[in-house]
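Here is a short tour for a reader new to this structure. Keep the sequence and the 3D view open side by side.

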Amino acid sequence: MKKIIMRCVAVLGLLFCTGALAFGQSADQSNLGKVLVLYYSYSENANTEKVAEIIRGLTDADIVKVEPAASFPEMEYRQFTQWAKEQQRQGIYPSIRDLNVDIASYDFIFVGTPVWWGLPSLPITTLLRQTDFEGKPLAAFSTAQGGPGSAVSDIEKQAKNALIRSGVNFNNVAGDRQISEKVATWVRSLQK
Ligand SMILES: Cc1cc2nc3c(=O)[nH]c(=O)nc-3n(C[C@H](O)[C@H](O)[C@H](O)COP(=O)(O)O)c2cc1C
């Protein structure tokens, strides 16, 4: 009898512990609800994608890369930066591929971009021009070499019908060993 009672106590203890663990995990992860990350990334380092992936890990988000409908012209990086500058100067923004997402089905949206000449990248500008964020909370992030410009605040200004939450720029993502902690601190600050 004593053995049976001991076993019951052990099983109950185990159930309690795993339940508490599962609860702890979900509380740690996020209380942002169903999360969508929309981002663009261009460089080989894929800095913006790295941040997007960290957010995915923290929030169990769906993550979608915004892609130009036609690939950007193949050219060396430095030359590309000049090409992109000229596109911005002339206000030429590329068509983007269908995102295949239903904004209405999400509770929280992240929009991430590399900084291009102080501004959001071309595909993200197109995204903002053609998307209605339907009253959803939205937090912007950018990645830069060191000159973040106004990319985050531009997204915040241009995101139609979004409830803007505090955005952030991350410098030099590829060389930052603390990037995961920095992103986690920011994401935690967005939770109610
Ligand atoms: C067209 C272009 C313009 C850029 N302009 C800036 C800039 O104004 N300030 C800056 O700090 N970095 C600038 N960069 C560097 C990128 O913002 C930075 O490397 C970013 O983290 C790249 O993100 P990705 O790897 O997701 O493409 C520029 C890069 C490109 C391609």
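Which residue of β6 is the bridge partner of alanine 144? The partner is asparagine 171. The model shown here is a predicted one.

**The strand pair**

Alanine 144 belongs to β5, which covers residues 137-144. Strand β6 spans residues 163-171. The two strands run parallel and are joined by 7 bridges. Helix α5, residues 151-158, completes the picture: β5, α5 and β6 form a β-α-β unit, and this unit is right-handed.

**Around the ligand**

Alanine 144 appears again here. The ligand has 23 residues around it, and those that come nearest are Ser41, Ser43, Thr48, Pro114 and Ala144. The shell contains 12 polar residues, 10 nonpolar ones and 1 charged residue. Four elements each give at least two residues to the shell: α2 (47-59), α3 (77-90), β3 (108-116) and β5.

**Helix α2 and what follows**

Helix α2 has 13 residues. From first C-alpha to last, α2 reaches 19 Å, close to the 18 Å expected at 1.5 Å a residue. Its buried residues include Thr48, Val51 and Ile55. Charged names are on that list too, with Glu49 and Lys50 among them.

Just after α2 comes aspartate 60, with a positive phi of about 60°. Most residues other than glycine have a negative phi. Aspartate 60 sits in the loop between α2 and β2. Asparagine 161 also has a positive phi, near 55°. Its place is the loop between α5 and β6.

**The nonpolar core**

The largest nonpolar core has 39 residues. Val37, Leu38, Val51, Ile55, Ile109, Val111 and Ile155 touch the most other members. Elements that each supply at least two core residues include β1 (35-39), α4 (122-130) and α6 (179-190). β3 gives the most, with 6 residues. In soluble globular proteins, nonpolar side chains tend to be buried together.

**Buried or exposed?**

Five residues from different places can be set side by side.

| Residue | Place | C-beta neighbours within 10 Å | Class |
|---|---|---|---|
| Tyrosine 40 | loop between β1 and α2 | 25 | buried |
| Aspartate 60 | loop between α2 and β2 | 13 | partly exposed |
| Proline 73 | loop between β2 and α3 | 8 | exposed |
| Lysine 157 | helix α5 | 11 | exposed |
| Asparagine 161 | loop between α5 and β6 | 12 | exposed |

Why does tyrosine 40 count as buried? Tyrosine 40 is buried because 25 C-beta neighbours lie inside 10 Å, and 20 or more are needed for that class. Proline 73 is exposed because only 8 other C-beta atoms lie within 10 Å, where 12 or fewer is the cut-off.

**Contacts across the chain**

Where the chain folds back, distances in sequence and in space part ways. Tyrosine 40 and glycine 112 are 72 residues apart along the chain, yet their C-alpha atoms are separated by 6.5 Å. Lysine 157 and leucine 128 are 29 residues apart in sequence, with 9.6 Å between their C-alpha atoms. Proline 73 and tryptophan 83 are 10 residues apart in sequence and 9.0 Å apart in space, C-alpha to C-alpha.

Technical notes. Residues are numbered from 1 along each chain as its sequence is written. This is a predicted model: local features need pLDDT of at least 70, side-chain atom pairs count only at pLDDT 80 or more; totals for chains, interfaces and linings use all residues. A residue is near a molecule or strand if its C-beta atom, placed from the backbone, lies within 6 Å of it. Ala, Val, Leu, Ile, Met, Phe, Trp, Tyr, Cys and Pro count as nonpolar, Asp, Glu, Lys and Arg as charged, and the others, Gly among them, as polar. Two strands pair if DSSP finds at least two bridges between them. A crossover is right-handed if, with the strands pointing away from the viewer, the path from the first strand over the helix to the second runs clockwise. The expected span of a helix is 1.5 Å times one less than its number of residues. A nonpolar core is a set of buried Ala, Val, Leu, Ile, Met, Phe, Trp, Tyr and Cys residues joined through C-beta atoms within 7 Å.
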